[in-house]
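I opened this notebook page to look up how the chain is divided and how its strands and helices are arranged. The entries follow in the order in which I checked them.

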Amino acid sequence: MGEKTIRVELKDRGYPVHIGGGVSAKHLPPLTLNAEVALVADTHVAAQPWFAPLRDRLAAGAAKFLPLTVPAGEPAKSLAEFARLCSALARARISRRGKIVAVGGGVVGDLAGFVAASYLRGVAFIQVPTSLLAAVDSSVGGKTGVNLPEGKNLVGAFYQPAAVVIDLDFLPTLPPRELAAGMAEVVKYGIISDPEFFDLVKPGAPADLAPVIEKSVAIKAGVVADDERESTGRRASLNFGHTIAHAIEQTAGYGQWLHGEAVSVGMMGAAWLSHRLLGLPLTVTQDLRAALTANRLPVTISGLEFDRLAPVIAVDKKSTGQKVNWVLCPELGRTVQTTAVPEELVREAIEVCAGRKDI
Ligand SMILES: NC(=O)c1ccc[n+]([C@@H]2O[C@H](COP(=O)([O-])OP(=O)(O)OC[C@H]3O[C@@H](n4cnc5c(N)ncnc54)[C@H](O)[C@@H]3O)[C@@H](O)[C@H]2O)c1
């Protein structure tokens, strides 16, 4: 299989994203030569057949090697796990020459990235995303962090990796539900920035994921290069569907719904708001529903209630002052941001998300 490299253009903090079958064998040993390497993975990933050869190769190339495992799932994105990993690095006397290699989904990437940003005030960090969501979204862009009981991603840092290595040979072991969850972010890229790409992914995930991952990474890399720290609003466009999604995840308890599943339902709410407020044609909302369904994603979650979601939406970290900053879509391929969304429309959107209101 061929390899494609996309560069995230961030001047001295720019980095390559290597995508292809077998790319980890090519790119990981040279990066770790004579280095002190801490390899972070969760228990599911560490049990996959491709993991041991990768671990052994990294260990063989390193002067000092520290394998670290965290429990699989969102609860590992905690201050407790963060502290445990930092202590393990300190006990192993990993120095500033240390490199942290995060192998796994977005949970391990976000957690290990925040450890890399913080330990000794920053050591090098390499992302090896192995879930579709991590490959197309979380591994690129440098957002790292952990959750608090008060909310998701409330503590963290912008910290760019030195490289991202997406080995397509690792993806086939991903459970179908996780694959579908990753497709939610892929569909999102189509909706917010590329109608042609939306058409490509409308029928469902293709057997060959390479073009889907390459295009998604290219879109994300372009947005991040334009607005690394979410200061101009361009990067915030990636949050389409996420305001409601975060509220769903938090009120349901982490782990009940996968992030991508919550984003899928959240996008239906955002599309409805876009229709009612900005005239997004209803056909686009219906197309979005069809695309998400074809990608085996939920488009409604029964039992969602405005009264439970609204207080969580109100403390969304993307809020400006007292008002929630909604990312909406006036037409396929373009977003705008607005704080002027009347409460009754949010109620309607939640009715759509709950499946009590048809579109
Ligand atoms: N930093 C960002 O910009 C950003 C963007 C989007 C999402 N996120 C975060 O990402 C997290 C979700 O990431 P996720 O969906 O990857 O979840 P995850 O990290 O929990 O991974 C999903 C599951 O798949 C397993 N897995 C991963 N790769 C596998 C493989 N190849 N074979 C078999 N099993 C595999 C994992 O062990 C886990 O059980 C959330 O915490 C979310 O907040 C971060």
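Entry 1, domains. I looked up the domain assignment of the chain and found domain 1 at 4-173 and domain 2 at 176-354. I note that the model is a predicted one. I took the C-alpha centres of domain 1 and domain 2 and found them 26 Å apart.

Entry 2, the contact between the domains. I recorded 28 residues from domain 1 and 29 residues from domain 2 in the contact. On the side of domain 1 that touches domain 2, I listed the elements that give two or more residues: β1 (4-8), β2 (15-20), α6 (132-138) and β8 (151-158). I then sorted the residues of this side of domain 1 by character and obtained 16 nonpolar, seven polar and five charged.

Entry 3, the sheet. I traced an open sheet of seven strands with mixed pairing, in the order β1-β2-β9-β6-β5-β3-β4. I asked why β1 and β4 (62-70) each have one side without a neighbour in the sheet. Both stand at the edges with a single partner strand each, so that side is left free of a neighbour. From one strand to the next, I noted an average twist of 15 degrees.

Entry 4, one strand pair. I checked β6 (residues 124-129) against β9 (residues 163-167); the two run parallel and are joined by two bridges. For Gln127, I found Val164 as the bridge partner in β9.

Entry 5, helices on the sheet. I saw that α4 (residues 79-91) packs on the sheet, where it touches β3 (35-42), β4 and β5 (98-104). The direction of α4 makes about 160 degrees with that of β4. I also followed α5 (residues 106-118), which lies across β3, β4, β5 and β6 and runs at about 170 degrees to β5.

Note on methods:
Residues numbered from 1 in each chain as written. Predicted model: local features only at pLDDT ≥ 70, side-chain atom pairs only at ≥ 80, totals over all residues. Domains from an automatic or database assignment. Contact = placed C-beta atoms within 7 Å. Helix = DSSP H or I, 4+ residues; strand = E, 2+ residues; numbered from the N terminus. Nonpolar A, V, L, I, M, F, W, Y, C, P; charged D, E, K, R; others polar. Pairing = 2+ DSSP bridges. Axes fitted to C-alpha atoms, helices over the stretch in contact; angles between N-to-C directions.
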